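Thanks for making the time this morning. I would like to walk through one model with you, beginning with a single pair of strands and working outward from there.

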Amino acid sequence: MHDNRSIVEDRISRAVTEQITPALYRATAPLAVSVWQVPDEPVPVSEALVARYQPAAVGDAWGPAWSTSWFRFTGTVPPDWAGARVEALIDLGFGGAAPGFQAEGLAYTGDGRPIKGIAPRTGYVPVAAAAGQPVSLLVEAAANPNVAGDWSFRPTPLGDKRTAGPAPLYRIVRADLAALDLPVWELAQDVWCLDGLMRVLQPHDPRRHQILRSLERMLDTLDPADVPGTADSARKQLSGVLASPAAASAHRVIATGHAHIDSAWLWPVRETIRKTARTFSNVVALMDAEPDFVFACSQAQQLAWVKAHHPAVFERIREKVGTGQFVPVGGMWVEADTNMPGGEAMVRQFVTGKRFYSEEFGVEPLEVWLPDSFGYSAAMPQIAARAGCRWFLTQKISWNQTNRMPHHTFWWEGIDGSRVFTHFPPVDTYNSELSAAELAHASDNYAEHGYGTMSLVPFGWGDGGGGPTREMIAAARRTADLEGSPRVRLGSPREFFQAAEAELATVAGVPVWRGELYLELHRGTYTSQARTKQGNRRSEHLLREAELWSATAAVAGLVDYPYDQLDRLWKRVLLNQFHDILPGSSIAWVHREAEAAYAEIAGELGLIIDEARVALAGTGTVPLLFNAAPFARAGVAALGAGTPLAAAGVSVSRDGDSYVLDNATLRVVLDAAGLISSVYDLPAGREAIAPGSHANLLQLHRDQPNRWDAWDIDQHYRNVTVDLTEVAEIEPVAGGVRVRRRFGSSSVEQTITLSGGSGIAARQVNVRTVLDWHESAKLLKVAFGLDVHADQFASETQFGHLYRPTHVNTSWDAARFEVCAHRWVHVGEPGYGVAVVNDSTYGHDVNRVSRPEGGTTTTLRLSLIRAPRFPDPDTDQGEHILSYALVVGVDVGGAIEAGYDLNLPARTVLGAAGVGPLLSVDNPAVVVECVKLAEDRSGDLVVRLYESRGGRASAQVSVAAEVSQVQETDLLERPITEGAVDSHSSDGFSVRLRPFQIVTVRLRLSGGAVAQPSPHGVPVL
């Protein structure tokens, strides 16, 4: 027989479009429309209820970008609709853009109770009125512009309401009451499921032909002139193929409802607050109809917003958490970037998030849920495990440009040896529709066939698109046991992880991935929006100082510890670590607000620090240097205050066209171009700069990625390099030389200095850069050509460091052409090393090349600034002030010390006498990261420290107060019995640490009542 498969496929597509879909509603009746335009920012429903509305109609234009219109829809359910499922169908003007990237609405009852969100794939609102009864609905409509456009990454003014313009973006397309025809709707779901499955099966597969013929018989049975009357009969033609069970070996899928909502991205935070209310309203409404539907919600911040702005929705969420349908996951305050936040900030993501879940719902998530962050720090397994998490989920590594990740379910091992059980959903999306194509991909793509049999699929429209839909639930039901498809079961992430972990526990050789999960994409996020990154770095260190000095003063009885204020400020910092804010990939509005927030945070923290320091210093005229760093400097103990030692001088002299700086430790030569041509280490008797190379060489590159402007640096940027060697002015200053340069439309002023004295400060060549940046699609780097033979380089990450190669032996090595580091990068050969430390830079590259005359040059570069045009066309334009330093003749320990030194500048206060440190550590390898009072407000002192050099270390921690109780805890300050605390006494304790181990210790100081730490017995999801 002639094969007419494509003819039947075309016939199916046309029948769905022209016959079945138009018949989903058997009758409609128009709603009357009126509108109130909100003058400025969004208002609560209480204001909309009393506003004066103007007549409007379908077809009317509405909504300048970022504005809000409140619509009132009124009508009467026709008397002959008795027993019908009545819905209001509202189309706000949805176009071709994806859900979540255009207009959205939240529907309320006439008296102001939220019902559900309105978006392109979920534009219906259930109507409770019976036949003959009136209907009144309010819809808060947000005219969010489609900033993404067609994803061509062209500059757009739409990313800020200041530049977006006044033109209306949308027209009301539809406002009707409608009676849903359930048999037709069910038929539509049958056809969508089977048609999709038929199209993914191989042409020779008998199952494909069975489905095709059944669909053909369905079409023959369905009368186009009477679809409602023949829908049930048509469905019977499909019942046989729908009832055929899956193979025993079929891949198993646990489908978890989800709505990935970026806490800011192509919209501001204020719009995310509304997106969450719309989506979560949809979710809880769907749960009423679908009792086995489970939804995973991953950001405590978003639930806190709903609690504050939509308490009625929050109470419905609380109810559904109790039934196990609404499942908090992740345990973090937001889905943060994990490359750039500091160690303590990553800890606080879990501390703050898990505390919210515990206090509000009485639950504790056990998984880390980060499907969309741009790579994952090698420190994350230990942080997650010590925060009480067992599992980790992401999907983003499937975006790799070069190398395919070889595993989907595996153990991920961090820098300290800690492991978390990890899953990458092989469906390769966190916004699945549960389509046949997606499910087939999940099965075909799954890497652990033969070891495991199951994967997780997060399904639902994200970013304000409304979350899971009733159609997706219908797809899950039809694929629960369907021949040719994976078996799909609705369930929670916990159900998946427990089952997958148990399944692989019996298998030998479960794969292990060690080290970072580097995303081979989006490397520009280490550099874009430099002010946001600088604000984050400064805020992290100011919070450290505020907690340290406040705790020290509180223990002495001098001030009250500012629990509430610090908690509020931490939450603001944690929010801005979201994976589209800190990485610099959001619209201008988002970064403008972030920069303003950082300024306010710095102001508040400055006042907290000043109050504590003044209280500690007392009244007097003695200059006291407060040293919040974990290492002594200028003769002042770590974590204490005292009179600094006088520093020796620095000589600045001319030698022909060059300047020579000398502090008796380093002799630095700047040539006529203002470049550092020599850094001679006098005690070591060797040169740090490679022959023919320079340090502090600014290099300008074209920066035009193939896509994803703010996100990406593509490797071809290296094809064009301009060394900035022309000098506008060079002059001596105290302790150094100032160099000014002009290039393009920009200018830069750099002050290169040495410090006197001894210790780590004397080994640093300091560079303060004031950059007036007005370039477009350019990347500015600074290069240090070092005479060090290094096969690898060390980069600081949270609570430690990791090594990366300087070569490109493999495709995995080559793909890491731009990497993230925190405060320092170190290159070394046996017996000698050099570091570069920074105060706000994260992007780096390090390469080693052979010199023709022999030897090798290791070039270490920092990425200082970019100028992408999308999504913010004015990214980073204007002035930037940043600092970095070349640190010569140091090992990794010296790099660590210099990194803290630069990022925790000493502060001087006039007072009566020095302040002894609240605690001190006798081993420099053991670093104090945090000193604070306990989260439960008991007054207990909490100390967090870690082994910083990658070896084993023991240390005695002395406390300047009488200690009555010492308890080792997890990161959430709950007691554990791990045993890093070796012994303790009334004046301190000793610790014995593994490489990079983090230890948190809770101290009860004499005179305080014994408080009970939070118990482990919290229900988990």
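Let me start with strand 41, residues 832–838, and strand 44, residues 878–888, which pair in the antiparallel sense over five bridges. To fix one point of that pairing by residue, Asn838 has Tyr884 in strand 44 as its bridge partner. I should say at once that this is a predicted model, and that the values I quote are computed from it.

That pair belongs to a wider arrangement, namely an open sheet of nine strands with antiparallel pairing, in the order 32-33-34-35-44-41-40-37-38. The edges of the sheet are strand 32 (729–733) and strand 38 (800–805), each of which pairs on one side only, and from one strand to the next the twist averages 20 degrees.

Which helices lie across strand 41 and strand 44? One of them is helix 15, residues 530–555, which lies across both and runs at about 55 degrees to strand 44. Another is helix 19, residues 892–903, which runs at about 20 degrees to strand 41 and which, besides strand 41 and strand 44, also lies across strand 35 (764–773), strand 37 (792–797), strand 38 and strand 40 (824–829).

Let me turn now to a pair of helices elsewhere in the sequence. Two packed helices are described by the angle between their axes and the distance between the axes. For helix 9 (residues 311–323) and helix 10 (residues 343–361), that angle is about 85 degrees and the axes are 11 Å apart, which makes helix 9 roughly perpendicular to helix 10, since angles of 65 to 115 degrees count as such. On the helix 9 side, the residues that meet helix 10 are Phe314, Ile317, Arg318 and Val321, and they are met by Phe356, Glu360 and Phe361 in helix 10.

Finally, the protein as a whole, which has 19 helices and 53 strands. Its radius of gyration is 31 Å, close to the 31 Å that the globule rule gives for 1021 residues, so the protein is as compact as a globular protein of that length. Taken along the principal axes, the C-alpha atoms fill a box of roughly 95 × 70 × 65 Å.

Buried residues make up 62% of the 1021 residues, while the accessible surface comes to about 35400 Å², with 51% of it belonging to carbon and sulfur atoms. As for the contacts between residues at least 6 apart in sequence, 75% of them join residues at least 24 apart.

Methods:
Residues are numbered from 1 along each chain as its sequence is written. This is a predicted model: local features need pLDDT of at least 70, side-chain atom pairs count only at pLDDT 80 or more; totals for chains, interfaces and linings use all residues. Side-chain values use heavy atoms; hydrogens and water are left out. Two strands pair if DSSP finds at least two bridges between them. Helices (H or I, at least four residues) and strands (E, at least two) are DSSP runs, numbered from the N terminus. Axes are lines fitted to C-alpha atoms, for helices over the stretch in contact, and angles run from 0 to 180 degrees between N-to-C directions. Contact means heavy atoms within 4.5 Å. The radius of gyration is taken over C-alpha atoms; the globule rule is 2.2 Å times the number of residues to the power 0.38. Buried means under 20% relative accessible area, exposed over 50%, partly exposed in between (1.4 Å probe, protein chains only). Accessible areas come from the Shrake-Rupley method with a 1.4 Å probe; for residues, only the protein chains shown count as cover. Angles under 35 degrees count as roughly parallel, over 145 as roughly antiparallel, 65 to 115 as roughly perpendicular and the rest as oblique.
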